[in-house]
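Welcome! Here are two short exercises, each with a solution to follow step by step.

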Amino acid sequence: MKLLLAIVQDKDSNLLSSELIDANIRATKLSTTGGFLKSGNTTFIVGIEDERVPEALKIIEETCQAREQFMTPPINMDATMDSSMSYPIEVQVGGATVFVMPIEQFHRF
Ligand code: 2BA
């Protein structure tokens, strides 16, 4: 058995939930925050049998899109309190960041 941790954009989370339910793949959704953009994203926790991991990864890959997002870096102030202008930079986010981990034991009581 494996544990998938899939970090996806909020915009893709409802569709991904539906696709996982349709495929009879159980998941838990967590509201999370990206460390870089400091904006919300969604993390899916999926416990799944080894042989179904490729199926789950395919659903995640096909459902989650990469998008361009702009972020404004914080204004830099030096010791003289002079500030330098900061301009928005464009970053590509997603489709999905997925970790696949072994599970030692799985219980449903
Ligand atoms: P954020 O940390 O908010 O990052 C959003 C996007 O900003 C990233 O997209 C990446 O394109 C860019 N980015 C992140 N850190 C950067 C840096 N130091 N310099 C320049 N650009 C940077 P993704 O790579 O698709 O990541 C989407 C979200 O997945 C991340 O949101 C974070 O919540 C999570 N994530 C990505 N890699 C991770 C990792 N190794 N460990 C834990 N979470 C991760």
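**Exercise 1: around the ligand**

An oxygen atom of the ligand sits 2.8 Å from a polar backbone atom of F36, which fits the cut-off for a polar contact (a pair of N or O atoms within 3.5 Å). This is a predicted model, in which local features need pLDDT of at least 70 and side-chain atom pairs count only at pLDDT 80 or more, while totals for chains, interfaces and linings use all residues. Residues are numbered from 1 along each chain as its sequence is written, and side-chain values use heavy atoms, with hydrogens and water left out.

Task: find further backbone partners of the ligand, then describe the shell.

Step 1. A polar backbone atom of L37 lies 2.8 Å from an oxygen atom of the ligand. For G94, a backbone N or O atom is 2.7 Å from a ligand oxygen.

Step 2. The residues around the ligand (a heavy atom within 4 Å) include I7, N41, T97 and F99.

Step 3. Sort the shell by class: six residues are nonpolar, six are polar and none is charged. Gly counts as polar here.

Step 4. β7 (89–93) and β8 (96–102) each give at least two shell residues; β7 has the largest share, three.

**Exercise 2: the core**

Task: which residues have the most contacts inside the largest nonpolar core?

Step 1. Those residues are L4, L16, I25, F44 and I48, in a core of 15 residues.

Step 2. Look at the elements: β1 (2–9), α1 (10–22), β3 (40–48) and α2 (53–63) each supply at least two core residues. The most, four, come from α2.

Technical notes:
Polar contact = N/O pair within 3.5 Å; in protein donor to acceptor, adjacent residues only side chain to side chain. Core = buried A, V, L, I, M, F, W, Y, C linked by side-chain atoms within 4.5 Å. Buried < 20%, exposed > 50% of the residue type's maximum accessible area, 1.4 Å probe, protein only.
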